[in-house]
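Notebook open, structure loaded. I want to go through the backbone oddities, then a sheet, then a bit of surface.

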Amino acid sequence: MNLKRYFPIYKKYPKLAYLDSSATALKPQVVVEAMTDYLSHYSANIHRGLYQMSEQASSAYDETRKLIAEFLGTKDEGEIVFTRGTTEGINLIARTWGETYIKPGDEIVTTQMEHHVNIVPWQVLANKTGAKLRFAKINDHYLISNDQWEQLINKKTKLVAITHESNVLGTINPIAEITAKIKAINPTCVVVVDGAQIVAHQPVNVVELGCDFYVFSGHKMYASTGVGVLWGKRELLEAMPTFMQGGAMIREVGWQETVYAPLPDKFEAGTMPIAEVISLGAAIRFMKSIGWKTIQEQEGKISALVQKRLGEIDGLKIFGPSDLANRGGVFSFAMEGVHAHDIAQILDETGVCVRAGHHCAMPLHGLLKVDSSTRVSVGMYSDEKDIEGLIVGLQQVKKIFYHG
Amino acid sequence: MDDLYRDLIIDHYQHPNHRGSLADGVSANEANLMCGDTLKIMVKMENGKITDAKFEGGGCAISIAAVDMLLDYVKGKRLSDVQKMSGTEIEKMLGVELTPSRKKCAYLGLEVIKKIGL
Ligand SMILES: Cc1ncc(COP(=O)(O)O)c(C=O)c1O
């Protein structure tokens with residue numbers, strides 16, 4: 001199945017081998033068109049206009065919320081809050097729920113495989129509140145062992161923040177199992193899941209996961225930058241203070257006191273990124289039209305190929321689970337004696353786009369005992385030819401650096 | 001590309017003349033924020049002139065080759081003159097044109113040397 005034909009970038013660069021989808025996904029034509037249509041033909045502000053064009057914009061905006069609710073397996077649209085992205089979602093939780101409910105002596109737990117955004121806001125929160133920040137360790141298979149939760153979780157643990165899929169290791173954490181373990185020890189502990197890396201690649205059902213908050217970004221799932229989603233359990237969202245204050249999130253404003261709007265408006269202050277939200281709706285419709293079966297088959301096939309072909313290169317080490325059952329299509333690796341930047345640059349010359357660096361996970365790279373790694377990641381459009389290009393490029397790297 | 005990764009650069013990267021440390025001398029270090037690589041340069045001077053120079057730290061081929069070539073060049077020169085050098089001169093030494101992101105790698109050595117004695 002050639003899914004590249006849905007993505008206009010390949011018309012301009014037919015030979016492009018884009019292997020950086022975990023940084024951001026390419027955009028399909030229908031997403032570009034939905035955004036352009038709004039910007040060209042009905043670019044009114046939402047919710048406050050009584051004229052038709054504003055109603056049209058409002059209904060396109062609200063339609064995305066409905067699609068997201070369905071996408072995440074919740075019936076309550078009030079639990080879907082639009083944000084600027086994963087980063088804003090996590091910061092919102094830390095600043096509102098966190099600053100209200102975390103007390104001195106409490107414990108916050110995250111893991112060693114987190115993106116900086118799932119570490120730094122918790123550091124700040126811990127420092128502000130006098131709580132302690134603890135980390136679940138990764139084992140030799142790049143997984144978090146079950147015993148970690150038994151060791152770390154206790155009655156003082158107020159919040160656990162964990163990524164669903166690591167943007168470096170590709171590890172997929174079994175969230176439903178982990179949440180059940182955590183809640184068995186401490187039923188009131190709140191579980192925050194960073195879904196940034198997984199939502200484009202496999203179905204997610206927040207009810208089945210049993211977590212309390214789930215956040216992700218639109219741009220990694222074929223939508224525009226500038227929009228993301230925070231899902232939270234209604235009773236938690238209702239009990240939280242507001243994050244930003246301004247227009248649209250109020251019910252009644254007096255000189256001294258304000259009554260806030262109900263969910264989800266309470267957390268959507270000011271004019272939201274309307275075009276971007278509409279693009280997210282288009283992206284979900286697009287993914288539905290392709291179907292999970294096709295997406296997962298294609299990505300599964302290509303991930304297996306990446307793993308096999310990278311594994312055949314001498315001196316190359318993949319940092320991540322070897323069992324495809326425990327991982328997604330994100331492969332970070334190092335090559336003996338070659339810096340990641342040089343690898344990425346040589347690959348770029350052959351039209352292969354990969355990422356090099358610490359991928360916003362410096363502490364994790366410290367554990368891996370490297371300063372940086374090269375990362376290959378797949379999207380639904382990735383195909384055998386892209387991987388062929390990658391391998392040709394890596395052979396060029398070997399030729400230059402190993403003279404062989 | 002074959003130009004950028006020509007033999008001279010790979011040779012300096014794989015067999016640098018100046019990797020190591022000096023027991024006495026003055027030093028400075030700096031990180032490349034893009035990749036987190038840190039570089040330390042130590043120089044020994046007599047009468048204001050550099051008599052020996054070494055570097056420590058990791059980096060890509062471009063940054064290592066650039067610092068190694070720079071340290072070849074600085075021997076016998078006045079530190080104050082070296083600190084007046086520009087990035088263009090580094091590019092000339094490397095003999096290649098660099099993209100904006102690789103300029104950061106190539107100029108790292110020069111930036112570190114400029115910090116010495118400050
Ligand atoms: C696991 C993970 N969490 C969070 C983020 C941050 O996402 P954003 O920059 O879209 O807010 C990323 C993206 O790099 C990520 O990979």
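**Entry 1, a proline in a loop.** I started with A:Pro264, which sits in the loop that runs between strand 10 and helix 10 (274–290) of chain A. I checked the peptide bond between A:Leu263 and A:Pro264, and it is cis, with omega at about 0°. Note to self: this is a predicted model, so every number in these entries is computed from predicted coordinates.

**Entry 2, the patch.** I stayed with strand 10 of chain A, residues 258–260, since A:Tyr260 belongs to it. Which residues make up the nonpolar surface patch here? I found A:Ile250, A:Val253 and A:Tyr260, and together they give about 250 Å². I also looked up the cover on A:Tyr260: its relative accessible area is 35%, so it counts as partly exposed. Patch members need over 30%, and A:Tyr260 with its 35% passes that cut-off.

**Entry 3, positive phi.** Next I went after residues other than glycine with a positive phi. In chain A I noted A:His359, with phi of about 50°. It lies in the loop between strand 14 (355–357) and helix 13 (362–368) of chain A. Is A:His359 buried or exposed? I get a relative accessible area of 7%, so A:His359 is buried.

In chain B I noted B:Asn47, which is not a glycine either and has phi near 50°. I placed B:Asn47 in the loop joining strand 2 (38–46) to strand 3 (49–57) of chain B. With a relative accessible area of 74%, B:Asn47 is exposed, whereas A:His359 is buried.

**Entry 4, the sheet.** Back to chain A. I traced an open sheet of 7 strands with mixed pairing, and I wrote down the order as 2-8-7-6-5-3-4. Which strands are at the edges? They are strand 2 (80–83) and strand 4 (132–136) of chain A, each of which has a pairing partner on one side only. I get an average twist of 20° from one strand to the next.

Then I looked at what packs on the sheet. Helix 3 (residues 52–72) of chain A does, and it touches strand 2, strand 7 (213–217) and strand 8 (228–232) of chain A. I noted about 120° between the direction of helix 3 and that of strand 2 of chain A.

**Entry 5, strands 3 and 4.** Last stop for today. How many bridges join strand 3 (residues 107–111) of chain A to strand 4 of chain A? I count 5, and the two strands run parallel. For one facing pair, I put down A:Glu107, which stands opposite A:Lys132 in strand 4 of chain A.

Methods:
Residues are numbered from 1 along each chain as its sequence is written. Chains are lettered from A and ligands numbered from 1 in the order in which they are written. This is a predicted model: local features need pLDDT of at least 70, side-chain atom pairs count only at pLDDT 80 or more; totals for chains, interfaces and linings use all residues. Side-chain values use heavy atoms; hydrogens and water are left out. Two strands pair if DSSP finds at least two bridges between them. Axes are lines fitted to C-alpha atoms, for helices over the stretch in contact, and angles run from 0 to 180 degrees between N-to-C directions. Contact means heavy atoms within 4.5 Å. Patches are made of residues with over 30% relative accessible area and no salt bridge: like charges are joined within 9 Å, nonpolar side chains (Val, Leu, Ile, Met, Phe, Trp, Tyr) within 5 Å. Accessible areas come from the Shrake-Rupley method with a 1.4 Å probe; for residues, only the protein chains shown count as cover. A salt bridge is a side-chain nitrogen of Lys or Arg within 4 Å of a carboxyl oxygen of Asp or Glu. Buried means under 20% relative accessible area, exposed over 50%, partly exposed in between (1.4 Å probe, protein chains only).
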